[in-house]
Amino acid sequence: MVTEVCLCGIKFRNPVIPASGTFGFGLEMAGVYDLDVLGGISLKGTTLEPRYGNECPRIAECPDGMINSVGLQNPGVEVLVNEKLPALRKIFGGVVIANVSGFSVDEYVAACARADQAPQTDIIEVNVSCPNVHGGGLAFGTSPESAAQVTAAVKQVCRKPVFVKLSPNVTDIAAIARACEEAGADGLTLINTVLGMRIDIAARRCVTHEKYGGFSGRAILPIALRMVNQVRHACSLPIMGCGGVACADDVLEMMMAGASAVQVGAENLRNPFVCRQIVEELPSAMAKYGIDDLNSIIGII
């Protein structure tokens, strides 16, 4: 059974990757199981400066998922580079993906350049779901022009592969993917969370402090599969598929839709062992469906 995959010349021992924001900086799970069973880790989203995040409550439960409005709480890129990355690399030999966010093009450039300089990073993952503070507050990822602007600027300062993480809260995700490709992106990650809300009926208010938040979990898998497939047919970049993945069969579906690697998000919060379990179950799932090499099923739909 061949479970190794390759993205932008970087080899992953398997396609399973905990998604950003659901696995901390990897260090939090180091005493729980051997991280080296994973293909890679996408680290907690990091900004140029430290962020406190949104006020509590930040989490709302939903059927087959959850809403979060954490607000990118993180210690800042200098802590990532000087503390988190060196500590992680001592215990993890897989692919390290630095997830970077920003609220202006200059912030993206500065933070990505710093993460790119760290010897421990393999891939820079750019989250374009942040609001553009100089462009009316709309997220960078909601228009092809804004997404391309960030992509082009980041590519000028990064030597390592740049994957742009796309938002599903758009009308035409394929157009945004093509714009990122034309601007020089090396790959794409999709999808990020779907905008949602929950209401406390008795209290007559929203469950989370912020009215809206990011909906993730098993319920969004069909949306993610559709968007991954659309982008696969719209451009030629490698894709890390994400959204609703919770088992080995979901990984196979995501790869058939067009993903070369698969990130597991909200399910990590429900079951901290899920990524290890998926890695363990992949060979039997492959045998069940007559798959000898995962690379043979990428984008067959």
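**Entry 1: Val231**

I began with Val231, which lies in helix H5. I kept in mind throughout that this is a predicted model. Is Val231 buried or exposed? I found that Val231 is buried, because its relative accessible area is 0%, and buried means under 20%. Next I looked up its contacts, leaving aside neighbours within four places in sequence. Val231 touches Ile173, Ala174 and Ala177, and also Leu188, Leu190 and Ile239. For a long-range distance I picked Asn74, which is 157 residues from Val231 in sequence. The C-alpha atoms of Val231 and Asn74 are 30 Å apart in space.

**Entry 2: H5 and the sheet**

From Val231 I moved on to the sheet. Eight strands make up an open sheet with parallel pairing. I noted the strand order as E3-E16-E15-E10-E9-E8-E7-E4. Which strands are at the edges? They are E3 (16-18) and E4 (40-42), each pairing on one side only. From one strand to the next, the twist averages 25°. Helix H5, residues 221-234, packs on this sheet and touches strands E10 (187-190) and E15 (239-242). The direction of H5 makes about 165° with that of E15.

At the E3 edge I checked the pairing with strand E16, residues 261-264. E3 and E16 run parallel and are joined by three bridges. Here Pro18 stands opposite Val264 in E16.

**Entry 3: E10 and its partner E9**

I then looked at both faces of E10, and both are covered. Gly187 and Thr189 are buried on one side, and Leu188 and Leu190 are buried on the other. Two of these residues were already in my notes: Leu188 and Leu190 are among the contacts of Val231. E10 pairs with E9 in the parallel sense, over three bridges. In this pairing Lys165 stands opposite Thr189 in E10.

**Entry 4: helix H4**

Ile173, Ala174 and Ala177 had come up as contacts of Val231, which led me to helix H4, residues 173-182. Which residues of H4 are buried? My list reads Ile173, Ala174, Ile176, Ala177, Ala179 and Cys180. What do they pack against? The buried residues of H4 pack against H3, strand E9 (162-165), E10 and H5.

I looked at both ends of the helix as well. At the start of H4, a side-chain oxygen of Asp172 comes to within 3.2 Å of the backbone nitrogen of Ala174. After H4 comes Gly184, and its phi is positive, near 110°.

**Entry 5: H2 against H3**

H3 was on the list of partners for H4, and I followed it to helix H2. H2 (residues 105-117) and H3 (residues 144-155) pack at an angle of about 35°. Their axes are 9 Å apart, and the crossing is right-handed. From H2 I wrote down Val105, Tyr108, Val109 and Cys112, which meet Gln149, Val150, Ala153 and Val154 in H3. The residues of this contact divide into seven nonpolar, one polar and no charged.

**Entry 6: Asp292**

Last, I looked up Asp292, in the segment after helix H8 (274-288). Is Asp292 buried or exposed? I found that Asp292 is exposed, because its relative accessible area is 57% and the cut-off for exposed is over 50%. Setting aside neighbours within four places in sequence, I found Asp292 in contact with Met1, Val2 and Met286. Asn99 is 193 residues from Asp292 along the chain, and their C-alpha atoms are separated by 32 Å.

Notes: Residues numbered from 1 in each chain as written. Predicted model: local features only at pLDDT ≥ 70, side-chain atom pairs only at ≥ 80, totals over all residues. Heavy atoms only, no water. Pairing = 2+ DSSP bridges. Helix = DSSP H or I, 4+ residues; strand = E, 2+ residues; numbered from the N terminus. Axes fitted to C-alpha atoms, helices over the stretch in contact; angles between N-to-C directions. Contact = heavy atoms within 4.5 Å. Left-handed = near helix turned anticlockwise from the far one by under 90°. Nonpolar A, V, L, I, M, F, W, Y, C, P; charged D, E, K, R; others polar. Buried < 20%, exposed > 50% of the residue type's maximum accessible area, 1.4 Å probe, protein only. Polar contact = N/O pair within 3.5 Å; in protein donor to acceptor, adjacent residues only side chain to side chain.
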